[in-house]
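Thanks for sharing this one. Here are my notes, with the structure placed first so that you can follow along.

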Amino acid sequence: MSESPTSARQRTEQPTQVNVDLGERSYPIFIDAGLIDSDTLAPFIPSGRAVIVSNTTVAPLYAARLTSALEAAGKQVDLLALPDGEQYKNLETLEQIYDFLMEKQVDRKTTLIALGGGVIGDITGFAAASFQRGVPFIQVPTTLLAQVDSSVGGKTGINHPRGKNMIGAFYQPRCVLADTDTLNTLPDRELSAGLAEVIKYGLLWDEDFLDWIEAHIDALRQRDPAALTEAIRQSCLIKAEIVRQDEREGGIRALLNLGHTFGHAIEAGMGYGRWLHGEAIGAGMCMAAELSRRLGLIDPSACQRIERIVSAAGLPTRSPAELSPLRLRELMSSDKKVENGRLRLVLLGRLGQARLIDNVPEDEIMAAIRATHAGN
């Protein structure tokens, strides 16, 4: 159960904190229960004014509480609630944000606060990066996927009908506030979708963390507070280190796209919103594992273990039957990882170690897609 605003403000213990070290663009990630009701955000709002951008699902749950906490700290707060869904992560919705900011006559010191999941975080961040050439920005992610992945690292943007996240900018927030209480209102399907990104970190960076995930997968799905806090902390530590080394994805940050080239193709092919992002990534990681096995990079037992963990998280391990292998491969060619006409894929050298490969034989790619197709 969530703490009341009063008890939250009176707390004396410090939240779990992970720092993203980017020099003058460095910022903290705060992880704890009840943070929305606290005064944690106030020092990161440079002026007396903030605009909360949320959606019609999350705003009724948490916007009033966040507004109350900010107003208690002396801030003036406006709220914009957008339609909910991946299908609204587009130019039309972005214009709604611009229109609202113009209507409210905000200035360049007004802070935009993204209250919601990855869609709200991405589109609000892009609005902050581009409105008046940049205004302050804070992430308050309310889904597991956003808390462990999309809210951290400064990637912002919107979708284009021909590709996911094709329009955007790198723009770091002033801080990230992950209130684990918000996961109590998350549907089971959304929680599983977030676990896809947690599993990804173990696969690409840290086999010990993968072992921990496998051992705690039931506790995570049952929303055990300690297990969730640890999963978020470990995931953010890994992402913060990768972003520290490669903020703008010129090198190892591309490894964070494990499963994403396949997954983004599934999302685009099915129509944004029909498959959740994490569901597509779950299947995409299994597809990447199968291709890694076919290339001799991992053994069959590792490939089978990945499928077991993904399945145990409540995620699909196969691409949808409605999307043919040939169509899926065609959609993969629209991915951002295509350079000079060549598809660059993140594959596994072993569990806990990913690598970027750009010369994968086409027949092996198609064989892996067919082997992991639901119609197979």
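The points below go from the whole chain to one helix and its two ends.

1. Please keep in mind that this is a predicted model. The protein chain carries 13 helices and 13 strands. Its radius of gyration is 20 Å and the globule rule gives 21 Å for 376 residues, so the chain is as compact as a globular protein of that length. The C-alpha trace spans about 60 × 40 × 40 Å along its principal axes.

2. On packing, 58% of the 376 residues count as buried. Taking contacts between residues at least 6 apart in sequence, 76% join residues at least 24 apart. The chain exposes about 15000 Å², and carbon and sulfur atoms supply 46% of that area.

3. Now to α7, which has 15 residues (207-221). From first C-alpha to last, α7 reaches 20 Å, close to the 21 Å expected at 1.5 Å a residue. Do look at Ala-215 as well: a kink of about 55 degrees in α7 is centred there.

4. Which residues of α7 are buried? They are Phe-209, Leu-210, Trp-212, Ile-213, Ile-217, Ala-219 and Leu-220. Their cover includes α6 (188-204), α8 (225-245) and α11 (300-312).

5. Both ends of α7 deserve a glance. At the N-terminal end, Asp-206 acts as a cap, with a side-chain oxygen 3.0 Å from the backbone nitrogen of Asp-208. Just after α7, Arg-223 takes a positive phi of about 65 degrees.

Technical notes: Residues are numbered from 1 along each chain as its sequence is written. This is a predicted model: local features need pLDDT of at least 70, side-chain atom pairs count only at pLDDT 80 or more; totals for chains, interfaces and linings use all residues. Side-chain values use heavy atoms; hydrogens and water are left out. Helices (H or I, at least four residues) and strands (E, at least two) are DSSP runs, numbered from the N terminus. The expected span of a helix is 1.5 Å times one less than its number of residues. The bend at a residue is the angle between axes fitted to the seven residues ending there and the seven starting there. Buried means under 20% relative accessible area, exposed over 50%, partly exposed in between (1.4 Å probe, protein chains only). Contact means heavy atoms within 4.5 Å. A polar contact is a pair of N or O atoms within 3.5 Å; within protein, one must be able to donate a hydrogen and the other to accept it, and residues adjacent in sequence count only if both atoms are side-chain atoms. The radius of gyration is taken over C-alpha atoms; the globule rule is 2.2 Å times the number of residues to the power 0.38. Accessible areas come from the Shrake-Rupley method with a 1.4 Å probe; for residues, only the protein chains shown count as cover.
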